[in-house]
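Welcome! Take a moment to look over the sequence and the 3D view before reading on.

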Amino acid sequence: KMSALDLQEKESNALALRGVTKRGSLLGGGAVERAMDEEAFVSTADCISAAIDALGRRLQAFDATPSSAEKQQGVTARRRGSSFRDEEDEAEQRRLERFALYKMVRKIETEEIPPLDRSCLKAESSVPPPDQSKVRFNASSEALSHFRPETKRSRLQNSSSCRALRAQHAKSSKSSILEGAQSQWASALARKMQQGEQSRVWRSSHLKLMVAGTGEPCPSDHLRLWFVTMCCARFLEDMNKIVKVSKMDLATRLQRQQSVVGRKVSVTSQMNFCSSTDLTNLKFMELVLWTRVQIRKKRTAAKCILGCLQGWKVAGRAFIVAKTVVNRIRTLQRWWQGCRERIRERRADVSARWEALERQEIERREKAGHRWFPMKEKVRWNFIAHEMRARRYRVLPMIEIWEEEKLRWRSDLKKWHEEQEAYQAMGTDAPAPTLQFCWPPSRPTHAPERHAPHDRDRHGHQQACPEDCPGRRGDAEILNMIRRCWQYPGGTGGWSELEAPNR
């Protein structure tokens, strides 16, 4: 630390040097800027001598030997710095040695030739060398040859031929499988037919042997004989009952018929052994039974429907609502399909008239010396679509007025009919009508007016369009469209624009 005396000396030295610098050059300097008087020179010499004396005193008071604490701190710092510098120097030395070794090794090498190999790194590094088999293969001429045009072409040809061979093989295998299956089924059917024929021959021969009394029946033949015997016994029993019924009187016969109504009786036998009255009664009973069966079936169906309705009490409503929505959507779709078809037809009609009028306008301009070209079809159709959409929007108020007029016309016509019917019912003549006859109001349309069908002359040619033909106004509107479209050749505008409604 500096004492107060040292600070004062330092400040005085600085002021002395500043005064010397301002008044003239320092010792050994060049010429004096301006002439110095005797007093200034004496003051300058005094400042210089004072500064020299202060420097001498500081030099004599300076002690170069440090204190014990400063000595200890300096020793510790030097030790730390020396050890840290030694470690850094060793690490830097090892790094430089390793870099020197890596200079002799290449990262990608197909064939390691000394001294450019990794033998020098085995002692320095414990990490095993990486597998560079793929790198060597990619750097080889064999791998590079795969990307040549002729190699690619041959590879594509080989793949296409392989696919063709696989397809042919699959087709042949499929045909062989089908043929094998057909042959298998054919052999199975032939075997079944052969077995059936053998069974038929065996049964016929066995029956002949049984009839002749030279064979013994098998268990299946026992069953067949039992079934035939039972059928014959049942037939004989029915015949016996029919004979007994035919011998009874009418009252006893009806009583017996009512008791055995549930049994199956042959209709043919009844027809052969019963009278017309009995047949009528039997038919009536048959109708009664048939009616009861039908009633039972209807009741079963009604129970099924009732169960369905009870089960659908909650979910059925949602299902019915969904079906109703679907039907309304379908109705709306059918209506829009019809509207879209009509809009397409009107656009096509306007486009055809556009082409004819555009051709006439171009011819007229060419005669006047102007070169003109017709619009492209895409631009024409785009303009017609936008223009017709705007015209449809503008005709909506007119349609609303037309609906009101149509309702008024219908109400007037209904009143007139009611008056006529009232006079006719009273048998009096109706007075003269107060209202004149009028046609129903015509519905406004957004499409340009068409030409009316004109008469033809005696040679079969159509006559010229008269002046009052509504088609002339439609042609003028289409011609106005054409001229507006010509102002925008790119098809970016020209059609009628609509203002957004205020909400």
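What follows is a short walk through a surface patch and some salt bridges.

Keep in mind that this is a predicted model. A good place to begin is the surface, where Trp-226, Phe-227, Val-228 and Met-230 make a nonpolar patch of about 440 Å². Trp-226 belongs to helix H7, which covers residues 219–247. With a relative accessibility of 54%, Trp-226 counts as exposed, because the cut-off for that word is over 50%.

Now turn to the charged side chains, for the structure holds 13 salt bridges. One of them pairs Glu-341 with Arg-344, and their closest N and O atoms are 2.7 Å apart. These two residues sit three positions apart in helix H11 (residues 315–367), so about one helical turn separates them. Glu-341 is partly exposed at 39% relative accessibility, and Arg-344 is partly exposed at 41%.

Next, look at Asp-475 and Arg-353, whose salt bridge has its closest N and O atoms 2.7 Å apart. This pair links distant parts of the chain: Asp-475 is in helix H14 (residues 470–486) and Arg-353 is in helix H11, 122 residues apart. Are these partners buried or exposed? Asp-475 counts as buried at 19% relative accessibility, and Arg-353 is buried at 12%, because buried means under 20%.

Helix H14 also holds Glu-477, while Arg-391 lies in helix H12 (residues 377–394), so their pairing ties together parts that are 86 residues apart in sequence. In this salt bridge the closest N and O atoms are 2.9 Å apart, and Glu-477 is partly exposed at 32%. Finally, salt bridges with shared partners join Glu-361, Arg-364, Arg-365 and Arg-483 into one network.

Methods:
Residues numbered from 1 in each chain as written. Predicted model: local features only at pLDDT ≥ 70, side-chain atom pairs only at ≥ 80, totals over all residues. Heavy atoms only, no water. Patch = residues over 30% accessible without salt bridge, like charges linked within 9 Å, V, L, I, M, F, W, Y side chains within 5 Å. Areas by Shrake-Rupley, 256 points an atom, 1.4 Å probe, with all protein chains shown as cover. Salt bridge = Lys/Arg side-chain N within 4 Å of Asp/Glu carboxyl O. Helix = DSSP H or I, 4+ residues; strand = E, 2+ residues; numbered from the N terminus. Buried < 20%, exposed > 50% of the residue type's maximum accessible area, 1.4 Å probe, protein only.
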